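Subject: Structure for you to look at

Hello,

Here is the structure I promised to pass on. Please open it and keep it in view while you read my notes below.

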Amino acid sequence: MTKHYKNEGLMKVLVILGALVGLVTLILWLTEMENYGFVDPLITFNNFQVLVNRIIVFIIGLVIVVLTFWVGFKPNDPIPFHWLILIIFAILLVVFGAGIWACVLVLIAGLIGIIEEL
């Protein structure tokens, strides 16, 4: 049985916007363009060269962004559309370099889910 939120449409929009912002931020980070909403990835692999490190973090961040898109476009199909999952994705977005704004958007969607759960 799946949980349907009263504000599920708003939550979907926030999750999809967060994933889009995360994708743009990842691409800007990979091309080394200036971006005021970017936080350096908290995960780095020290035993690799800088380029290989950027590519690995980019690929992991891209996987997280794609999973976030998937949750927004097809809720409860492959991954449950639950507030806890959204908060986990928000944390993973900021850890793997998708930016603080992507994290904030997905986190707001998760907080709306928490508020409705109460």
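Read from start to end, the chain runs α-α-α-α. That makes four helices and zero strands. Please bear in mind that this is a predicted model.

First, the whole chain. It has 118 residues, and 40% of them are buried. The accessible surface comes to about 6900 Å². Carbon and sulfur atoms account for 73% of that surface. Now take the contacts between residues at least 6 apart in sequence: 72% of them join residues at least 24 apart.

Next, the core. The largest nonpolar core holds 29 residues. Met-11, Val-65, Phe-81, Leu-86 and Leu-93 have the most contacts inside it. Four helices each give two or more residues to this core: H1 (8–30), H2 (50–73), H3 (83–95) and H4 (100–117). Which helix gives the most? It is H1, with seven residues.

Find Met-11 on your screen. What does Met-11 touch, once neighbours within four places in sequence are set aside? Its contacts are Tyr-5, Phe-81, Leu-86, Ala-109, Ile-112 and Gly-113.

Now go to Gly-22, which also lies in helix H1. Is Gly-22 buried or exposed? Its relative accessible area is 0%, so Gly-22 is buried. Leaving out residues up to four places away in sequence, Gly-22 touches Val-65, Ala-98 and Ala-102. Look at the last of these. Gly-22 and Ala-102 are 80 residues apart along the chain, yet their C-alpha atoms are separated by 5.0 Å.

Helix H2 has two spots worth a visit. Start with Thr-68, which is found in this helix. Thr-68 has a relative accessible area of 1%, so it counts as buried. Where does its side chain reach? It reaches the backbone oxygen of Ile-64, at 2.7 Å. Beyond four places in sequence, Thr-68 is in contact with Val-15, Ala-19, Phe-89, Leu-93 and Val-106.

The other spot is an aromatic pair. The structure holds one such pair. Phe-69 and Phe-73 form it, and the two rings are stacked. Their centres are 5.9 Å apart, with 10° between the planes. Both residues sit in helix H2, four residues apart, so about one helical turn separates them. Now compare how much of each is covered. Phe-69 has 16% relative accessibility, and buried means under 20%, so Phe-69 counts as buried. Phe-73 has 57%, and exposed means over 50%, so Phe-73 counts as exposed.

Last, helix H3. How many residues does H3 have? It has 13, and it reaches 19 Å from its first C-alpha to its last. That is close to the 18 Å expected at 1.5 Å a residue. The buried residues in H3 are Leu-86, Ile-87, Phe-89, Ala-90, Leu-93, Val-94 and Val-95. Two of these names have come up already: Leu-86 and Leu-93 are among those with the most contacts inside the core. After H3 comes Gly-97, with a positive phi near 85°.

If you have little time, begin with the stacked pair, Phe-69 and Phe-73. Then move on to Gly-22 and its contacts with Val-65, Ala-98 and Ala-102.

Best wishes

Methods. Residues numbered from 1 in each chain as written. Predicted model: local features only at pLDDT ≥ 70, side-chain atom pairs only at ≥ 80, totals over all residues. Heavy atoms only, no water. Core = buried A, V, L, I, M, F, W, Y, C linked by side-chain atoms within 4.5 Å. Buried < 20%, exposed > 50% of the residue type's maximum accessible area, 1.4 Å probe, protein only. Contact = heavy atoms within 4.5 Å. Phe/Tyr/Trp six-rings, centres within 6.5 Å; stacked < 30°, edge-to-face > 60°. Areas by Shrake-Rupley, 256 points an atom, 1.4 Å probe, with all protein chains shown as cover. Expected span 1.5 Å × (residues − 1). Polar contact = N/O pair within 3.5 Å; in protein donor to acceptor, adjacent residues only side chain to side chain.
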